[in-house]
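Me: Please take a close look at one part of this model, the place where two helices pack together. Explain the terms as you go.

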Amino acid sequence: MLKIKENYFILETEHTSLVLKNDGGEVVYLYYGEKLNNYCGIELYEDGWKSSILSQCGTGNHREPALGVRFSDGSRKTNLKFHRARIVPFEKIEGLPCSYGAEKSLRLEFIDAPSKLKLYVTYTAYEESDVVSVATSLYNGGKKPVYLESVPSVQLEVRGRDFSFITFDGDWASERRRHEHKIGVGKLVNESIVGSSSHHHNPFTLIERAGEVYAVNLVYSGNHRTVVESNDAGKTRLIAGISPYAFDWELLPGASFFAPEAVVAYAATEEEASLCMRRFVSEHIVRGKWKKKPRPILVNNWEATYFDFNAEKILSLADVAAEIGAELFVLDDGWFGARDDDFRGLGDWEDHVEKTGGIGILADKIRAKGLKFGIWVEPEMVNEDSDLYRKHPEYAMKIPRREPTRMRNQIMLNLADPQVQGFVYRAIARVIEQCKAQYIKWDYNRTMTDCFDKSSHSGEYYHRYILGLYNVLEKLTARFPNVLFESCASGGGRFDLGMLCYMPQTWTSDNTDARDRVYIQAGTAAAYPQSTMGAHVSICPNHQTQNSNSLETRFDVACGGVLGYEYDLTKLTDAEKKEISEQISFYKAHRELLQFGTQYMLGNAFEGDMSGFITVSPDKSKAISVVCLPFRRVWYHTVCTKFQGLDEKAVYAVSYRDAVGNLVKLGEASGALLCKGQFRLDTVYDTVDTKRYSNPMYTRLYLFEKVSAKRRKTNE
Ligand code: GLA
């Protein structure tokens with residue numbers, strides 16, 4: 001619900017209210033929190049120290065300013081004053097991906113009289129998700145260019161200086177580990193300056209204190225920054241948007257600049273805020289044919305073969321993939337150009353016929369086995385040892401007369417250039433058509449270093465690159481609406497809402513070790529639903545960590561996302577093959593629940609003795625929980641958990657899945673007891689043969705099925 005009442009602007013979602021006021025030309029926060037059904041007395045909540053929705057330079061407010069504008073005379077003061085508020089039809093953001101599914105928005109307009117610069121801040125309420133989206137744009141109505149040094153997507157300001165700042169940080173193979181920082185009196189920054197949303201600092205952040213949590217994310221895949229600042233006077237400010245690092249946008253007269261959309265949620269607890277964000281992503285970010293469609297169980301050949309394969313090897317893998325019940329075969333890196341290792345071939349999206357025997361033919365042979373066919377591409381990159389580079393060195397991202405920085409032996413293509421965008425679009429469309437791909441894994445395996453484009457202003461480069469990428473993705477996904485796209489960036493280096501607008505799935509991490517996956521998936525699930533997280537079972541010892549865990553444990557953990565196998569299936573023993581077939585048929589039987597149910601986190605995946613998740617069906621009739629015990633404790637009797645999300649009034653049949661896939665019935669228990677009582681987990685230590693796996697992680701998968709009232713009566 002959106003309402004304009006004189007100088008007050010009210011946005012309501014199912015459980016929250018946001019009240020803004022035009023206070024003498026400045027729009028300020030009066031209230032953001034639990035839903036109010038009566039706003040009587042709201043004027044009493046006006047604040048002597050105004051909490052602005054957007055702070056400006058030169059206005060006497062000496063904390064972090066949100067908006068940074070430099071005029072052609074070198075001055076930086078702006079005085080954007082409220083002009084009017086309107087309820088407008090919901091609009092897409094020009095050139096950028098954004099949320100969808102709302103009909104109306106509230107638009108606030110501001111004007112800086114001397115420069116005729118206009119600012120628009122547009123709010124949309126996603127009622128059932130309890131999320132508010134904010135889209136900010138600037139229009140240069142003057143006669144001279146202005147230079148944008150920082151454009152916020154959103155500014156939040158709350159009372160109190162006892163908040164913590166929660167960030168999700170990491171690196172390659174250790175993405176999105178939750179960190180909590182006390183803000184105190186001072187300033188903290190969560191930022192990516194590597195050209196992508198990054199492995200290092202995800203754009204999703206929260207500020208929280210007991211009973212009060214604000215979650216913020218950006219619909220953006222490039223450099224981003226969130227600054228939080230608390231001052232002695234007791235105010236905490238959060239500003240999120242494109243990182244101002246190397247950002248200086250020339251806004252010509254008559255032109256507009258659109259900042260990426262920000263999405264904000266208020267809740268009483270971190271878990272509730274996370275549930276709101278995940279609901280929002282499933283409903284208003286992920287789109288197209290695959291939005292709610294069961295995602296296929298895939299087999300990927302990367303860890304099975306790396307670059308060393310031929311058609312025969314791939315077909316033998318596909319034979320076993322079909323036999324064990326997988327549904328999609330993904331041919332990873334190495335099928336094109338002269339790509340026999342990672343020194344060459346990127347950019348040459350032509351079949352490596354000696355290896356594949358013809359990509360179209362290979363794909364058809366795989367489909368003939370009853371599998372869908374998917375293929376890996378890394379379209380934003382080029383190797384200098386490639387026909388593309390030899391023919392079009394000008395397509396590469398390079399600074400004239402400077403040696404480019406190579407990462408994984410590759411350099412990037414200059415996607416800021418429309419000609420290069422055209423090349424990438426045509427090349428990938430051709431690949432899809434040639435092999436009738438039903439799935440594309442779109443990889444991006446380095447960070448950006450040699451930013452340069454002869455026709456763009458240098459301060460515009462990073463953003464222009466991302467706009468170029470979105471332009472290509474917009475066209476490709478429109479042309480191939482049936483293809484399931486999965487985004488990847490050396491694992492989870494671009495797990496963000498921008499990519500999810502085009503690609504319903506992301507490869508969560510190259511680290512497939514179950515023990516590490518527990519925290520990587522829990523950190524990811526703070527902001528992104530499990531249907532967006534690729535989760536594969538791979539061989540042991542694990543290729544990244546050398547740790548070993550049982551096949552059952554690896555499967556249990558992968559049930560937290562979209563299941564796949566990244567494994568040399570031809571080397572499986574008959575017993576392992578049977579075990580995996582059972583896993584796949586169990587996952588298929590419960591796929592709807594596992595991929596689209598409401599997932600709650602259990603314990604503490606980052607530093608606890610116990611962690612895991614429980615995924616509950618919308619009607620609460622069924623739930624699956626996986627509990628994970630990272631180490632065997634001496635005093636193990638104390639290891640237990642409270643489940644979540646079950647219908648407390650109902651009775652559930654409780655069973656667990658044993659190593660060979662049998663369901664072992666434990667008994668019946670009320671939802672109330674399961675959620676409130678301490679459920680014993682010490683029996684989980686019996687799941688692993690410790691003679692085979694030393695120092696393993698212990699997991700168990702529990703199934704809860706509501707016992708119907710009728711059956712209960714008969715039993716009584
Ligand atoms: C990246 C991906 C892997 C794999 C390789 C191929 O590292 O994250 O899954 O596709 O590239 O080169």
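Reply: What follows describes one helix pair.

This is a predicted model, in which local features need pLDDT of at least 70 and side-chain atom pairs count only at pLDDT 80 or more, while totals for chains, interfaces and linings use all residues. Residues are numbered from 1 along each chain as its sequence is written, and side-chain values use heavy atoms, with hydrogens and water left out.

The pair consists of helix α7, residues 418-435, and helix α8, residues 461-479. Helices here are DSSP runs of H or I with at least four residues, numbered from the N terminus. The axes of α7 and α8 lie 10 Å apart, at an angle of about 30 degrees. Each axis is a line fitted to C-alpha atoms over the stretch in contact, and angles run from 0 to 180 degrees between N-to-C directions. The angle makes α7 roughly parallel to α8, a term for angles under 35 degrees. The crossing of α7 with α8 is right-handed, that is, the near helix is turned clockwise from the far one by less than a right angle.

On the α7 side, the residues that meet α8 are Gln421, Val424, Tyr425, Ile428, Ala429 and Glu433. From α8 come Gly468, Asn471, Val472, Lys475, Leu476 and Arg479. Contact means heavy atoms within 4.5 Å. Of the residues in this contact between α7 and α8, six are nonpolar, three polar and three charged. Ala, Val, Leu, Ile, Met, Phe, Trp, Tyr, Cys and Pro count as nonpolar, Asp, Glu, Lys and Arg as charged, and the others, Gly among them, as polar.

How values were computed. Helices (H or I, at least four residues) and strands (E, at least two) are DSSP runs, numbered from the N terminus. Angles under 35 degrees count as roughly parallel, over 145 as roughly antiparallel, 65 to 115 as roughly perpendicular and the rest as oblique.
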